Amino acid sequence: MKLKVKYYDLDSSEPTVLLHDDDCIEIGVKENDRVKIVNGKGMARALVSRSDTLVEKGTIMMPGNLMKITGSEEGDTVDVDYASAPESVRTIRKKMDGLALTDDE
């Protein structure tokens, strides 16, 4: 999905973007899912925060560090798609759920 970049000032330990609820439904993401953000200059992955009041539909609000990584500027258009959790996260979750791990895991 193509979204328009808007800067917002947020420092967090994990890269986080803010998306409109309707855009989240269209992309197929929930709160704290990950998205992949791509433009012609770079790519980044970030956690999703949702709102229907703080961000306009069709807009992705990104902190400065993510804008720098993707090479985006305010007003640019970026591609945003669902990104599954890394394999390491799935393996840790499996262990936390008390399931046996394979030798590879």
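In this predicted model, helices and strands are DSSP runs, a helix having at least four residues and a strand at least two, and they are numbered from the N terminus.

**Figure 1. Threonine T70 in helix 2.** Residue T70 lies in helix 2, which covers residues 64–70. Buried residues have under 20% relative accessible area; T70 has a relative accessibility of 0% and therefore counts as buried. Two polar contacts of its side chain can be followed in this view. The side chain of T70 reaches the backbone oxygen of M67 at 3.3 Å. A polar contact of 2.8 Å also links the side chain of T70 to the side chain of S72. When residues up to four places away in sequence are not counted, T70 touches I37, N39, K41, G42, M43, A44 and M62.

**Figure 2. The whole protein and its order of elements.** The protein contains three helices and six strands. Followed along the sequence, these elements give the pattern β-β-α-β-β-β-α-β-α. The C-alpha trace spans about 45 × 30 × 25 Å along its principal axes. Of the 105 residues, 34% count as buried. The accessible surface comes to about 6600 Å², and carbon and sulfur atoms account for 48% of this surface. Among contacts between residues at least 6 apart in sequence, 71% join residues that are at least 24 apart.

**Figure 3. The barrel of six strands.** The six strands close into a barrel, and their order around it is 1-5-2-4-3-6. The pairing within the barrel is mixed. From one strand to the next, the twist averages 45°. Strand 3 and strand 4 offer an example of an antiparallel pair, joined by five bridges. Within this pair, V35 stands opposite A46 of strand 4.

**Figure 4. Strand 5 and its two neighbours.** Strand 5 comprises residues 59–62, and both of its faces are covered. On one side T59 and M61 are buried, and on the other side I60 and M62 are buried. Strand 1, residues 2–7, runs parallel to strand 5 and is joined to it by four bridges. Strand 2, residues 16–20, runs antiparallel to strand 5 and is joined to it by two bridges. Which residue of strand 5 is the bridge partner of K6? The partner is M61. Residue M61 is also the bridge partner of L18.

**Figure 5. The largest nonpolar core.** This core has 18 residues. Those with the most contacts inside the core are V17, L19, V35, I37, I60 and M62. Each of the following elements supplies at least two residues of the core: strands 1, 2, 3, 4, 5 and 6, together with helix 1 and helix 2. In this list, helix 1 covers residues 21–27, strand 3 residues 34–38, strand 4 residues 43–51 and strand 6 residues 77–83. Which strand provides the largest share of the core? Strand 4 does, with three residues.

**Figure 6. The surroundings of L19.** Residue L19 is among the core residues with the most contacts inside the core. With residues up to four places away in sequence not counted, the residues touched by L19 are L3, C24, I27, V29, V35, V48, S49, R50, S51, V55, T59 and I60. Two of these neighbours, V35 and I60, are likewise listed among the core residues with the most contacts. Residues T59 and I60 also appear in Figure 4, where they are buried on opposite sides of strand 5.

Technical notes. Residues numbered from 1 in each chain as written. Predicted model: local features only at pLDDT ≥ 70, side-chain atom pairs only at ≥ 80, totals over all residues. Heavy atoms only, no water. Buried < 20%, exposed > 50% of the residue type's maximum accessible area, 1.4 Å probe, protein only. Pairing = 2+ DSSP bridges. Polar contact = N/O pair within 3.5 Å; in protein donor to acceptor, adjacent residues only side chain to side chain. Contact = heavy atoms within 4.5 Å. Core = buried A, V, L, I, M, F, W, Y, C linked by side-chain atoms within 4.5 Å. Areas by Shrake-Rupley, 256 points an atom, 1.4 Å probe, with all protein chains shown as cover. Axes fitted to C-alpha atoms, helices over the stretch in contact; angles between N-to-C directions.
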